[in-house]
Amino acid sequence: MEVRLVHRPERLPAHPIPGNGSVDEKAFATLVGRLATAGVDSIGALGSTGSYAYLTLEERARVARIAVEHADGVPVIVGIGALRTRQVLQAAEDAQNAGAAGVLLAPVSYQPLTDDDVFGLFEEVTANLSVPLVIYDNPGTTHFTFTDELYTRLAWLPQIASIKIPALPDDPEQARARVEHLRRLLPETVTVGISGDAAAARGLNAGCDAWYSVIGGTFPQPALALTRAAQAGQHEQALEESQRLQPLWDLFAEHGGSLRVVSAAAAHLGLTAQRNLPLPLRGLDAKERAHLATVIEQLQLNA
């Protein structure tokens with residue numbers, strides 16, 4: 001996989017997990033096939049939206065195979081984060097055996113991790129890897145904050161292809177300066193990708209190479225419209241598309257992140273069962289789902 005293609009958007013479909021059951025494989029395959037049909041550039045499986053931390057290694061291996069089988073040739077990036085290094089190594093092996101084009105690794109922990117802990121994790125994983133790896137910097141979930149010094153150390157390891165960074169400053173000039181600063185620190189072979197969907201247009205306009213998207217997994221068309229505008233240098237159009245989606249970003253903020261919102265959206269569209277999150281996650285209540293349905297209709301996201 002060529003992770004370095006400019007403004008490559010990654011689509012992260014939710015993996016339907018009904019209550020205490022396992023993955024709804026039929027629904028997941030449908031989600032993946034839907035993204036391939038939409039013409040996305042890559043598909044992310046077993047990311048945070050995919051609830052990878054709630055699945056066994058066996059379930060994750062199966063999800064990776066389903067994703068690759070139904071992606072119709074679209075490159076699939078598979079999340080391999082886990083508490084123990086041996087589990088990460090097994091997940092990486094399973095992803096490669098499934099035909100993944102790349103892997104995504106966040107430093108998952110129960111005990112707080114040090115910079116040396118995280119460097120050691122990535123060092124061991126990349127030494128046993130034959131596909132590109134994306135560093136997943138997600139402090140809101142992992143409670144680990146990467147420093148620029150650690151970025152630099154990690155970026156020179158073999159197979160490191162991209163860094164998925166948190167949201168950039170609101171000010172466009174500060175955002176661009178941040179991306180330019182990172183580029184000076186990193187090898188030319190390592191791309192910078194933005195996460196946090198509300199910050200996607202700002203990140204792409206600031207020079208990020210990729211958008212690691214959440215909404216793209218459920219609503220690929222508006223995500224593609226935003227990305228293609230930024231890719232074409234139409235920065236105002238990209239910002240306008242993001243501003244149009246502000247009611248969705250507001251729901252993400254209201255519910256502490258995107259997971260509950262996109263899982264309810266997938267159910268509303270009939271892509272999954274109503275109960276599609278692993279317990280103890282309860283999702284949105286009836287009133288909140290009704291509000292989300294109104295937002296989806298107003299933004300014409302029902303297609």
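This report describes the cavities and pockets of a predicted model.

Residues are numbered from 1 along each chain as its sequence is written, and side-chain values use heavy atoms, with hydrogens and water left out. Because the model is predicted, local features need pLDDT of at least 70 and side-chain atom pairs count only at pLDDT 80 or more, while totals for chains, interfaces and linings use all residues.

**Terms**

On a 1 Å grid over the protein atoms alone, a cavity is a set of points where a 1.4 Å probe fits but cannot get out. A pocket is an open set with protein on both sides within 12 Å along at least five of seven lines, and lining residues have an atom within 4 Å of a point. Grid points are joined across faces, edges and corners, and a volume is the space filled by probe spheres set on the points. Helices (H or I, at least four residues) and strands (E, at least two) are DSSP runs, numbered from the N terminus. Ala, Val, Leu, Ile, Met, Phe, Trp, Tyr, Cys and Pro count as nonpolar, Asp, Glu, Lys and Arg as charged, and the others, Gly among them, as polar.

**Cavities**

Three cavities of 30 Å³ or more are found in the structure. The largest cavity holds about 60 Å³ of space. Its lining consists of L46, L57, R60, A61, A64, V78, G79, I80, A91, D94 and A95. Two or more residues of this lining come from each of α2 (57-70), β3 (76-79) and α3 (85-98). The largest share, four residues, belongs to α2.

**Pockets**

In the largest pocket there is about 1300 Å³ of space. Of the 49 residues that line this pocket, S48, Y136, N138, G140 and T141 lie nearest its centre. The elements α2, α5 (139-142), α11 (246-254) and α12 (259-268) each give two or more residues to the lining. With four residues, α5 gives the most.

The second largest pocket has about 290 Å³ of space. Its lining has 17 residues, and P172, A201, R202, N205 and L239 lie nearest the centre. Elements with two or more residues in this lining are α7 (172-185), α8 (200-205), α10 (235-244) and α11. Here α10 provides the largest share, five residues.

**Classes of lining residues**

| Lining | Nonpolar | Polar | Charged |
|---|---|---|---|
| Largest cavity | eight residues | one residue | two residues |
| Largest pocket | 26 residues | 18 residues | five residues |
| Second largest pocket | seven residues | five residues | five residues |
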